[in-house]
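Biologist: I am new to this structure and should be grateful for a close look at a single part of it. Would you please choose a pairing of two residues as the starting point, and then lead me outward from there?

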Amino acid sequence: MAETTLKSARACCECKDVLQMRLTTRLKRSRQMVRLVRPHELVPGDLIYPIFVREDGRRFGIPSMRGQSYLSLESAVKTCRQVVDLGVPAVMVFGVVKKKDTDASIALRKNGFHSQIFRRLKREFGDDLVLISNICLCDYTAEEFCVYSEKGKVLNEKTGEMLGKIAAIHAEAGADVIAPAAMCDGQVRHIRSALDREGFEDVAVMTYIKTDSCLFQPFFEAMTLSKTPRRGIDSSKFRTDIINEKMFMQKVDLDISEEADMIIIKPALTNLDLILRVKLKYPAIPIAAYQVSGEYAMIKLLGEYGHLDEKVLLMETLNSIKRAGTDMILTYHALEAAKLLEKAR
Ligand SMILES: [Zn+2]
């Protein structure tokens, strides 16, 4: 029966149905044949490793993200050496400062901790490692607000202006890319104009577009100095509604219209359809997806409990994120993934 079907398919090769009748097993004859016909393949060069560097120099495991550690500036250099050696081209830097203040003005200090990180890493690695600076007010404000607000209203312009000033300071210290995480309207416009004004026209802006999600929780615990949960403005005011893809695309449109060079979509797993939408609408804009802390923890814990193989699940998720249309993936598993990819070649 199968023979007849194939013969009739060949007989009418003009017919579109021929594609549906083709045996897919031919393309799966061997592992290398499978590799050969892939339209894209995940490589270490697609990965970005997020690192947490502490100003107090303390090194210890991050309780909410088992397997990840806080780094001192010195140990960050060692970790980045590993990153470079594994062929991973970039790190996303999160600085954990010793002390925060009410209005984030400590972010403007001369030679603040973030500047020290970028200066040191740039001196050590030059152009061998892309340094991405995550910029948000919550890194500096005691109440850990991401934006300035008044009576529950986000102050977009005031927040954007401050982010622009911080961006120029980090660029001056050696950051290659600025990644604003506050999600306020106008942040890309303010940052772009501050960078251009200060002579950093060649520093790129990689803007975050986030849907509201509980998957950020382990990260917040990692970045929160006090044990108390964040207070203040509701995060849904500056993230987009996960149910509403139109709201998400409006934010993408806005940030691209303000000259964002690249965008980061997060979380990754809950937004695979949105990655594809952005890819189809803006094929020329590089897209990153962030496999966030909650996704990391799910993979890690399922492996630790023996429910699934951590490595297999990791590669399945990363490949699905790549297939959805991303050019880059931020993942806390970047080092493990790079090793697995190297082994699989
Ligand atoms: Zn924030």
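Modeller: The starting point is Q291, which stands opposite T331 in β10. The model is a predicted one, in which local features need pLDDT of at least 70 and side-chain atom pairs count only at pLDDT 80 or more, while totals for chains, interfaces and linings use all residues. Residues are numbered from 1 along each chain as its sequence is written, and side-chain values use heavy atoms, with hydrogens and water left out.

The two strands concerned are β9, residues 287–291, and β10, residues 328–331, which pair in the parallel sense over four bridges. (Strands, E, of at least two residues, and helices, H or I, of at least four, are DSSP runs numbered from the N terminus; two strands pair if DSSP finds at least two bridges between them.) Strands β9 and β10 belong to a barrel that eight strands close in the order β1-β2-β3-β6-β7-β8-β9-β10, with parallel pairing. From one strand to the next, the twist averages 25°.

Elsewhere in this barrel, helix α6, residues 156–173, lies across β3 (130–135) and β6 (177–180), and runs at about 155° to β3. (Contact means heavy atoms within 4.5 Å; axes are lines fitted to C-alpha atoms, for helices over the stretch in contact, and angles run from 0 to 180 degrees between N-to-C directions.)

The zinc ion comes next. C136, C138 and C146 coordinate the zinc ion through their SG atoms, at 2.2 to 2.3 Å. (Donors are N, O and S atoms within 2.8 Å of the metal, or 3.2 Å for Na, K and Ca; water is not among the atoms, so sites may look incomplete.) Along the sequence, the spacing of these donor residues reads C-x1-C-x7-C. C136 counts as buried because its relative accessibility is 1%, and C138 does so at 8%. C146, at 6%, is likewise counted as buried. (Buried means under 20% relative accessible area, exposed over 50%, and partly exposed in between, with a 1.4 Å probe and protein chains only.) C80 is also buried, at 0% relative accessibility. The structure holds zero disulfides, a disulfide being a pair of cysteine sulfur atoms within 2.5 Å.

Finally, L73 has its place in helix α4, residues 73–85. With 18% relative accessibility, L73 counts as buried. Leaving aside neighbours within four places in sequence, L73 is in contact with V53, Q116, I117 and R120. L73 and I117 are 44 residues apart in sequence, yet 6.6 Å apart in space from C-alpha to C-alpha.
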